Amino acid sequence: MVRSVPGTLSRPTVTVREQPPRVVVVGGGFAGVRLLRRLESLVPAGRAELVVVSPVDHLLYTSLVPQVCASSVEPRHLAVALRSVLRRTLLCLGDAVAVDLAARTVTTRTVDGSARTIAWDRLVLAPGSVTATPEVPGLAEHALGLKTLDEAVTLRDHVLAQLELADATEDPEQRSALCTFVVVGGGYTGTELAAQMAAFTRRAAAACQRVRPGDVRWVLVDHAPRLLHELAPALGRRAARVLARRGIDVHLGTSAMEISADSVVLAAGGPNVRRHTRVPTRTVVWCAGVAPSPLAAVLGLPTARGRLVTDEFFRVPSADGVFALGDVAAVPDSTHGGTPAGQTAQHAVRQGAAAARNVAASLGIGSARPYRHRDLGFVVDLGGRDAVANPLGVTLSGLPAAVVTRAYHLASLPSAANRARVATDWLLNDLFGQEITHYAAPGLAGRTIAASENTQIYDRRT
């Protein structure tokens, strides 16, 4: 006999035998999916019930999202269907908005706005991150983000629309502003986006009547003293040479101070002497870092710089049966003196595999081990035959790096179908070039970062 309450996923009452423990994973990103795939192989069928809570039915391969903007990859080809890679896991669509540690339940808000309560015996928090949006005047209202497929498609359509508007105007100043694109953030995403979009937009401009490729201007801004400051200096220098060759204006040691509908104010120099410059533009893309999912702030659990505090086994202190990993968690990395692991896809995937072993151990299967990260190197795709990479510490650039980068991304995609589609996209682009078309998707134009990434659901004022 099973008793349940409508709108809940409760623990059934069974008179014949005890139900297996339920493991609920919040988040269907790199960390959550890797953990669940590993759990499906570690835990025999019938020993545990696996549930994933996710607002979407797919894992987004975010490492290639800049290529969606540059029309190098079709958007859906980066969306890996969760049901295709998770064979024994129940998918519950919705956003996790609250956790009751005493009752051992998680509350979700489904796509139709209704609430649903899910009981758990083990809870794994891996909701990932959102775009970091500091208190910069005008950022929330006027900047575009690049964290979701919606944002990537919106950005591509917006950029192409600016070129079409510039081609239609006879005002030189307005045309210059429409053809100027500013990217804030010189990390992986910002550098890849600027490099790839500079080539894409100049090709698009070549088909215009009034706009020339030389009229298109891309500006990359970062407060750090060098590009790709998270990586080895050699990679940043080589990437900077590629950007310079593509005519991208790189402003280091510079911050965006104010964003409006028609300009951005940049400030360079030290804290006492700042030089302010107003750049006329209709496009500011904010790629200046990520912040932990807002879910972390509403749980009442210990945090460090917004990230959930865990031990080296991914366990959350004072919360029995709760684990956390990925961008939302400050997992200590013993290979770096116990400092929190980085917020990268590589860390998330590696943590997923390690955390699965520890979750299985909590169920009596195997033994737990502390997390130790071994850096395998990084890849940065700059478009075409340009890339920088340091696999296993070997610094590469140009065509060799591009080959390594593409091979890495194909190997990292967790679905053979998606690998085949992305590889076909690359082949078609090499043969025929990118598609220079756009569509104004209803409801996407003009959306803010908060609306696109659905962070407002955690705002207690709403």
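Is Glu-170 buried or exposed in this predicted model? Glu-170 is exposed, with a relative accessible area of 65%. It turns up again in the third view below, alongside its salt-bridge partner.

**View 1. Helices H1 and H9 pack against each other.** Two packed helices are described by the angle between their axes and the distance between the axes. Here, H1 (residues 30–42) and H9 (residues 345–362) sit at an angle of about 35°, and their axes are 7 Å apart. The crossing of H1 past H9 is right-handed. On the H1 side, the residues in contact are Phe-30, Ala-31, Arg-34, Leu-35, Arg-38, Leu-39 and Leu-42. H9 brings a run of alanines to the meeting, including Ala-345, Ala-348 and Ala-353, and Gly-352, Val-349, Arg-357 and Val-359 are also among its contacts.

**View 2. Arg-22 and Glu-49 form a salt bridge.** Side chains of opposite charge can pair when their charged atoms come close. For Arg-22 and Glu-49, the closest N and O atoms are 3.3 Å apart. This pair links distant parts of the chain: Arg-22 belongs to strand S2 (residues 22–26) and Glu-49 to strand S3, with their positions 27 residues apart in sequence. The two partners fall into separate accessibility classes: Arg-22 counts as buried, at 2% relative accessibility, while Glu-49 is partly exposed, at 24%.

**View 3. Arg-210 pairs with Glu-170.** In this salt bridge the closest N and O atoms are 3.6 Å apart. Arg-210 sits in the loop between helix H7 (188–205) and strand S13 (217–222), and Glu-170 in the loop between helix H5 (149–168) and helix H6 (172–178), so the bridge ties together parts that are 40 residues apart in sequence. Arg-210 is partly exposed, with a relative accessible area of 37%, and Glu-170 is exposed, at 65%.

**View 4. More salt bridges, one pair and one network.** Asp-311 and Arg-315 meet through their side chains, at 2.8 Å from N to O. Arg-315 is partly exposed, with 41% relative accessible area. Elsewhere, Arg-245, Arg-246 and Asp-386 are joined in a network of salt bridges. The total count for the model comes to eight salt bridges.

**View 5. Ser-54 is tucked away in strand S3.** Strand S3 covers residues 49–54, and Ser-54 is part of it. With a relative accessible area of 2%, under the 20% cut-off, Ser-54 counts as buried. Leaving aside residues up to four places away in sequence, Ser-54 touches Gly-28, Leu-82, Leu-91, Cys-92, Leu-93 and Gly-94.

**View 6. Ala-341 is a buried loop residue.** Look for Ala-341 in the loop between strand S25 (339–340) and H9. Its relative accessible area is 2%. Setting aside residues up to four places away in sequence, Ala-341 touches Arg-307, Val-331, Asp-333, His-347, Gln-351 and Tyr-371. Ala-341 and Ala-329 are 12 residues apart in sequence, and their C-alpha atoms are 8.6 Å apart in space.

**View 7. A nonpolar patch lies on the surface.** Leu-427, Leu-428, Leu-431 and Phe-432 make up the patch, and together they have about 440 Å² of accessible area. One of them, Leu-427, is in helix H11 (residues 416–432). Leu-427 counts as partly exposed, at 47% relative accessibility.

Note on methods: Residues numbered from 1 in each chain as written. Predicted model: local features only at pLDDT ≥ 70, side-chain atom pairs only at ≥ 80, totals over all residues. Heavy atoms only, no water. Patch = residues over 30% accessible without salt bridge, like charges linked within 9 Å, V, L, I, M, F, W, Y side chains within 5 Å. Areas by Shrake-Rupley, 256 points an atom, 1.4 Å probe, with all protein chains shown as cover. Salt bridge = Lys/Arg side-chain N within 4 Å of Asp/Glu carboxyl O. Helix = DSSP H or I, 4+ residues; strand = E, 2+ residues; numbered from the N terminus. Buried < 20%, exposed > 50% of the residue type's maximum accessible area, 1.4 Å probe, protein only. Axes fitted to C-alpha atoms, helices over the stretch in contact; angles between N-to-C directions. Left-handed = near helix turned anticlockwise from the far one by under 90°. Contact = heavy atoms within 4.5 Å.
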